[in-house]
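Q: Could you take me through one helix of this protein up close, and then show me what else is worth a look around it? I'm in my first year, so please explain the terms as you go.

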Amino acid sequence: MAIDATRLATELNDLRTVAAARLDDEPLPVGDAARSRLHEEISRLGLKAHIADLETNGYAVLEPGKARPLAFFDRLRETILRLAKIDASADLGPASGLGKTLFHLLPQDPIFEEALMAPAPLALVTYLLGYRAKLSQSTGLIKDRGADALALHADHSNKLPSPWPRMAQYCNVTWVTTDYTRENGAVCVWPGSHRFSRPVPPDLVMAHDHDEVKVLELPKGSVIVWHGSLWHGAVPRTADGERVTLVLPHVREHIQAQELYWATTTPAMIARNPARFATLMGLTCQNPWLQDGPMFFGRGGQALTGSQFE
Ligand SMILES: O=C(O)CCC(=O)C(=O)O
């Protein structure tokens, strides 16, 4: 039986109306105001060196204490492990290099909203993708002994035709809830490769020991943010125990998010978060629509201007 498209459009537009009202209270900045606000956030949060790292290396590491207190990472890990016992997501198996993978975590516990809205990682997302960035995935990864290496890849691969634009269209925010060491199967990166603007060539996808590849050995409590063109992967896990990670990739507004957040966002979630949450859920983006057509913010009679799309 086909989905009831009229009901779908009505429910989506009801949610968009709630989102638009929330954004009326706390509008997102555009143009010069966006630039000034971002500069202010970067200085206030002490992120100038992280921005330099994003530019030169294609990734930045927020040291423990910068994104959320250490105790938050313990709660995050325990929540992911609890959900893993009941979650129906596919176990992609050790050969995937991803381990047990839990998809679409956001609606499953409010702790994921806290991670998403953490000011420091969000400011780095804004730097890469703008204030209208949308959440694309909320994925838990659990790797135990025997998890294979994850092939080197760039997150823009299979999403955008190459050569890729210099500006990121996708970025990854990785929450490290257990220590990253080589034995623990840490993420590895090819610093500066975001400037190549193309996918990893086939002969390099398993080149984890290449001189240019750096294993990110980091303590629990770190958050890694990287540009969608950065070549990266993970080394195999050889140690006992589990590596538990939350991955929150984001996309620019014009890109289709990988997960359907507007289907699981509730008015209560919008109400309890800063207005920007609705934008991160894709609810202030014009697309997609059904026969009801686009719901511009100008529908109430307000004129649309180019700056509303900056
Ligand atoms: O945490 C990992 O093992 C790698 C995740 C990754 O490469 C990705 O999400 O693109």
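A: Let's start with how a helix is picked out: helices (H or I, at least four residues) and strands (E, at least two) are DSSP runs, numbered from the N terminus. The expected span of a helix is 1.5 Å times one less than its number of residues. Keep in mind that this is a predicted model, where local features need pLDDT of at least 70, side-chain atom pairs count only at pLDDT 80 or more, and totals for chains, interfaces and linings use all residues. Residues are numbered from 1 along each chain as its sequence is written, and side-chain values use heavy atoms, with hydrogens and water left out.

Now for helix α2, residues 31–44. With 14 residues at 1.5 Å each, α2 should span 20 Å, and its end C-alpha atoms are indeed 20 Å apart, so the two agree.

Which residues of α2 are buried? They are Gly31, Ala34, Leu38, Glu41 and Ile42. These five cover an arc of only 95° around the axis, which puts them on the same side of α2. (The arc is that of the directions from the helix axis to the C-beta atoms; buried means under 20% relative accessible area, exposed over 50%, and partly exposed in between, with a 1.4 Å probe and protein chains only.) The general reason is that an α-helix has 3.6 residues a turn, so residues three or four places apart point the same way.

Flip to the face turned away from the buried side, and you find the exposed residues Asp32, His39 and Arg44. What do the buried residues of α2 pack against? Their partners are α3 (48–57) and α6 (119–129). After α2 comes Gly46, with a positive phi near 65°.

Next, a residue in a strand: His250, which lies in β12 (residues 250–251). His250 has a relative accessible area of 2%, so it counts as buried. Its side chain reaches the backbone oxygen of Leu248 at 2.8 Å. That is a polar contact: a pair of N or O atoms within 3.5 Å, where, within protein, one must be able to donate a hydrogen and the other to accept it, and residues adjacent in sequence count only if both atoms are side-chain atoms. Leaving aside neighbours within four places in sequence, His250 is in contact (heavy atoms within 4.5 Å) with residues including Val125, Leu129, Tyr170 and Cys171.

On to strand β11 (residues 242–247), where five of the six residues are buried. Six bridges join β4 (residues 139–144) to β11, running antiparallel, and Lys143 has Arg243 as its bridge partner in β11. Three bridges join β6 (residues 170–176) to β11, again antiparallel, with Trp175 opposite Leu246. Two strands pair if DSSP finds at least two bridges between them.

There is also an open sheet of four strands, in the order β5-β10-β7-β8, with antiparallel pairing. β5 (150–153) and β8 (214–215) stand at the edges, each with a single partner strand, so one side of each is left without a neighbour in the sheet. Within it, two bridges join β7 (residues 187–189) to β8, and Cys188 stands opposite Val215 in β8. Cys188 is buried, because its relative accessibility is 0%.

Finally, how many disulfides are there? Taking a disulfide as a pair of cysteine sulfur atoms within 2.5 Å, the count is zero. For Cys188, the nearest cysteine sulfur, that of Cys171, is 19 Å away.
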